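Here is a short exchange about a multi-chain model. Please look through it first.

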Amino acid sequence: MAPQQTNSKPSDDAKEQPAPLVYQRAMPMSRGKLAIWLFLSTEIMFFTALIGTYIVLRFGAPEGSWPTPAQVGVMEWLGAINTFVLICSSVTIVFAYESAKSDRIRAARGWLLVTTLLAFGFLGVKGIEYASKYSHGLYPQSPRSLLHDRSDVYYLSHFSLQLKQRIAELEDQKTPTDHHDPATLETLYLIQSGMLNWTENKVGVSNDPNMKRLALESFAHQIHPLADRPDIDKYLADERADLEEQQQTIAPQFSDLESKLEAAQKQISQLSDSIAKLESNRKSKPNVNGDFPPPTEIEQKNKAQLEDAEKTAKDATESISLLKQQMNPIERRLEAQSRFNQFEDGINEHFHLKLPMVIPNGNTWANTYFMLTGFHALHVVIGIFVFLILLPLELDRKRAKVMENVGLYWHFVDIVWIFLFPMIYLF
Amino acid sequence: MNRFWSILFCLVPILGTATFVMAAWGLPPFQGAWLPKNYSVAGETIDHLFYLLNWISAVIFIGTGAVIGWVLWKYDHRRRDQASYFSHNTQLEIVWTIIPAIILIFIAFYQMNSWAETKMIRPTISQNGQTINKPPMVLVMAKRFGWEFHYAGPDGLIETQDDDYIENELVLPVGTDVVLQLETRDVIHSFFVPQLRVKQDIVPGMKQFIWFRGTDIAEMDIACTELCGWGHYTMKGRLRLVSQKDYNLWLTERRAMQTPAMDPDDPETPQVLEERLP
Amino acid sequence: MESTGNHNPKRQRTVFLTVFGFLVLLTGLSFWVANSWIMEDRMIGWAVMLGISACKAMLVIAFFMHLWWESSWKYALTIPALFMGSMLVLLLVPDIGMRTDHYPKTRERLSPQAVTVPEATGNVSSSQDRTKS
Amino acid sequence: MVNKVQHPELNHPKRTGHPVLRFLSTYVFATDHKIIGLQFLFSSLFWFAVGGMLAMAIRWQLAFPWSDMPIFGPTLFASEGGQIPGTFYNMLFTMHATIMIFFVIIPILSGAFGNYLIPLMIGAEDMAFPRLNMFSYWFMWPAFACMILSFTLPGFGPTSGWTAYPTLSLIAGDAQNLWILGLIFVGISSMMGSINYMTTILQMRAPGMHMFRMPMTVWAMFITAILQAFALPVLTAALFMQLSDRLLATGFFAPESIVVNNSITISGGGEPLLWQHLFWFYSHPAVYIMILPAMGMVSDILSCFARKPLFGYRPMIYSLIAIAGLGFVVWGHHMFVSGMNRILAISFMVSTMLIALPSGIKVFNWLGTLWGGRLFLTTPMLFSIGFVSMFIIGGLSGIVMAAPPVDIQIHDTYFIVAHFHYVLFGASVLGVMGAIYYWYPKMFGRKMNETMGKLHFILTFIFLNGTFFPMHFLGARGFPRRYADAYRFEEFQDLLPLNQFITLCAFLMGAAQLVFLINFFGSLIWGPKADRNPWHANTLEWSAPSPPPHGNFDFQPTVYRGPYEYSHPERSVDYWPQTEPPP
């Protein structure tokens, strides 16, 4: 039973230490290693709570509503690369420890450096992933997130806000840049009038909650489809047929009115011509008092007819503009339908619009994804700090104990990732 | 001096038991400070269990208290030169492990029926020859800081558009199994009627069912027993247990002057919580 | 730590490299499982992938963390944590993992399956046939 | 007492003392476990006073609802005529519970006494990691700062209860963030401490100090450290999740999105029950963290003043281990009516019933220790017997509540309040007081005044029962806890006089603590000097000087026997220190 020296004694009073006390140990290892193992046990509980939360939230989500990796743009191969990087770093830190144990200081330092670089590589890949999530607006809900769990009025209002901003941005840029092809603005206008305003109107007018929901869901589906929705396809087809029928019924009315208007205008020009003629006739021969003779009966009749015709023309114009008002949204809607229905990947993805989208449970997915990978990345960062502290030191046999403890921690970080990889990337 | 302390410690079981007995019998100054009068069938078993557990506790309480008093009285250091030297007695250890274990396991099994009746086995009705769970009579919607009680409209179902709701007043018939569906609009609340021995937390995002059978016509308070904000103590509802006849009468009167409730199904009415407190 | 020193460093290194090889192999395997016919039944696929992960974790713990060469204290430290961890997760399952049993009507809209439209409205069929995704 | 025992430790070769350190490194940035222990002790006593004041304010409101509250009322709510608002009452009980649990009882038990006693009782010169130990104290200070800062925020602090159930806690004011941060710091501090304790106890015992020769105090601290190490990380994870729910708009604990000012601030999709599970997974073991060390210390004190070996040393240890093991699978009994799965509730009920068993065994063993002894009713002994007596009441009411059907009636009523105050105040605080009186001579080298100590005990004991015992009746009646004003309900109007009686007792109990304060600080100056072993006890710390120097022992301690060899029939003196070599 050899006397044990504490690892973390202040070095300045080490000289004047009294005779160290003799202890018996329950476990055949240094205090530092025991403490690290105990610490790892607490870490197991910490990650159990986090991973357990993920597991129960995920498997408790309604059947089929958890987003697949593809829907949220998680790239499996990136995860696989990171797994590989961490496995490599696990091996290199073992080698660093072995080298330190046999007093090969340069080799130890080299292996540790490689480990540090690999850890940085891991964080780099993580950074790429996070950046892509951020640029797609895929993070827990806050004003700038684009994720919505369901298509409700909040989704609509958020969508309209974002759309207005995008339009304003593009209108400010006088000349179209290479970023956006000139048609983008047109597309946005079409989305605004043919889809957003249409749906808002429908939701506002309809009394039937089921119709409201379908309108909202089909809107969300067209923006960002997640799966085949025959019900929505049918709803859209029905709507299209309905609109076309309306268009059919409105079109003859339209031509009727136009011909009516034309006739009226013709009549007006004829009448005003004849009135003008009659008047000039009348005015050419004044009587003795210098007064003009009173208008003739024909003239008065003509005038009355003119008033009638003008009124008819005015009515017709009004009806036409009314019809146009009625017709315009239908036309825009039909245009939007024929333009946008063909995209299987949705409008958002197809035109790279970055508008809010509905992914059921997308928020819960984002919450758990960032929580798990974030806390894991935090552990990686802490590991890097420790590596950077160790790198300038002489990694000889004395420091091999420290190296071993750091290695144990790093392996634990690796093990956590070994479980996170399939759960986040492959499930 | 030891005797003084012995008496002091003896007072714990003596006064403790005495006050419990006084409270249970309603003697002054503890009148009313005990289980309130029970108005539900399941409450009788709960009360019975409460009394049983109190009896068991009293035996242990008085027993251990007496031992403490006796020890202090007897083993004063002024009257003894030497303490006895013993450090264990395996038989005794086994005895006082086994006996409490039996008592505890007995309690565990004894109360399972009551738990199952009050919280697990929902009353059933037979419909088209099948036995199905009894549908809820009222949808209790808790909110900060009040209760909405949604009664079924003419279609006889709750959670439909023709529901009719009243604030803070619940009227239920006695003598029949009443099933309530509990939901909340915002934070966690708890539906507590002391006289019915009914309590259930109402968790956002969950629907829950409670049931009971009232035994007598009465009027009682409904309290919220889960902290729900500044006005937690103001969440007061009144429950009137009336006879089936009066209940039917009341229901027809209500239907005559119906006010439509909010439709929970409408996408226009998402959950809106109150703003953060200043 | 004391016991690992008894081993020949060269043989140690081959052990580590072999373990490394297995780890890479197993990672590839789980990647393959994720994109193969096994995932047709997702539960089986998940179980297989978690099993592979457990194997990888065991390899790391046993060799890289030297537990293979340690005395029996390793059980005293690791098993209680694993036991308590699995206890926690298991006891969460009935409440959170099966929570759709208690969804109120307001929440059912999150679920694509739960939306059932009454036939009376006519123009919509129920979305039962939606693919599981 | 009988003949004076020879001081075996004086025959050992002397160890030279540690170097003298400067003031700052001795008392502020101390790495010496004893100074850190005292730092914990003094800060806990400060917070004890703060928490006590909050309790008085709560009682005032319950006895005289909405009348001008003294001190708090005129200063904070002058414009409302000194009447407090409902949120303020919520803040009072939230902060009272948080402070008492996380800043008083846990730090004073495992922080103060754990730190002070573990190395001394196992014969080590310090903790395994003195620096880590220092950090574990200094990580309390950010937590203190968070708590004090939260008092200055609008609303005067967090208002969602110490259980912080979502979704209420998610929509609460900003003080809630500070509350969460504070608890995270406390958690980190406790984690450091517990790892340090476990390593110290496992690896740094003096020669001959087998695991089964350790005093119960050390065993209890060991088990407590295990509980802390395994349960706390879960709470920390849950706290991080709640913080991110509040700040980063995630929705782990919110089922629906929360909309404020027409924009979504929390995204929804989570479960409020998830928080309750994670929270109670920690907070039930925390209940044992708050009682086990007191049990250990009381076992030592009882055995010492009964001059008799501890009855059933090994069963006591096994029951400690059983409590710890079962403690991890009983958390659901806090959630019987919370909407938890009702079949799951049965399994939690069974495990809760089972955990009463080891607690019962401990009580019987304490009684067995007293039986046939030669009792010296000193102040620490009186407090320890008070501990046993009060723990019986708290334990029995625990069994009443463990039956789910009964829990339906008494859950979240004053019955619960009575139960946990009997355990936490009646048992834990009395145990702590006993321990302070017992180890005071070792800590400061002076004895406390016995008469004042006994006065303190009798006042505390009487008024504590007067305060908490009637709460059982309130609870049976259904009087809800956390109500600022339950008298709005016809049901509870007639309970006002009983509440006023409780308040009176509570105020007198608070006043009784002044006796303790005077005694504690007065004895620092005027107390009679104590020698190494004033109580003639066996355990190792009593063979070190009083107060022990830096480095603890002036000789190499070697242990020859268990800690409870009192009144051995073959010895002329009635105690047999662990370090005394066999004849």
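A trainee asks and a mentor answers.

Trainee: Before we start, what kind of model is this, and how are residues and chains labelled?

Mentor: It is a predicted model: local features need pLDDT of at least 70, side-chain atom pairs count only at pLDDT 80 or more, and totals for chains, interfaces and linings use all residues. Side-chain values use heavy atoms, without hydrogens and water, residues are numbered from 1 along each chain as its sequence is written, and chains are lettered from A and ligands numbered from 1 in the order written.

Trainee: How many residues of chain B does chain D contact, and what area is buried between them?

Mentor: Contact means heavy atoms within 4.5 Å. On that rule, 120 residues of chain D meet 102 residues of chain B. Buried area is the accessible area (1.4 Å probe) that two parts lose on being put together, summed over both. Here carbon and sulfur atoms give 70% of a total of about 9,700 Å².

Trainee: Which residues of chain D lose the most area to chain B?

Mentor: Three residues together account for 8% of what the chain D side buries. They are Arg342(D), Ile408(D) and Phe473(D).

Trainee: How many salt bridges are there between chain D and chain B?

Mentor: A salt bridge is a side-chain nitrogen of Lys or Arg within 4 Å of a carboxyl oxygen of Asp or Glu. Glu490(D) and Lys236(B) form one, with their closest N and O atoms 2.9 Å apart. The count between these chains is two.

Trainee: And how many salt bridges are there between chain A and chain C?

Mentor: Chain A puts 77 residues in contact with 69 residues of chain C. The area buried there is about 6,300 Å². The salt bridge count is zero.

Trainee: Is Asp574(D) buried or exposed?

Mentor: Buried means under 20% relative accessible area, exposed over 50%, and partly exposed in between (1.4 Å probe, protein chains only). Asp574(D) has a relative accessible area of 7%, so this residue is buried.

Trainee: Which ring does the charged end of Lys37(B) sit over?

Mentor: A charge sits over a ring if NZ of Lys or CZ of Arg is within 6 Å of the ring centre and within 35 degrees of the ring normal. Lys199(B) is one case, lying over the face of Phe192(B) at 4.0 Å from the ring centre. For Lys37(B), the charged end is 4.6 Å from the centre of the ring of Tyr39(B).
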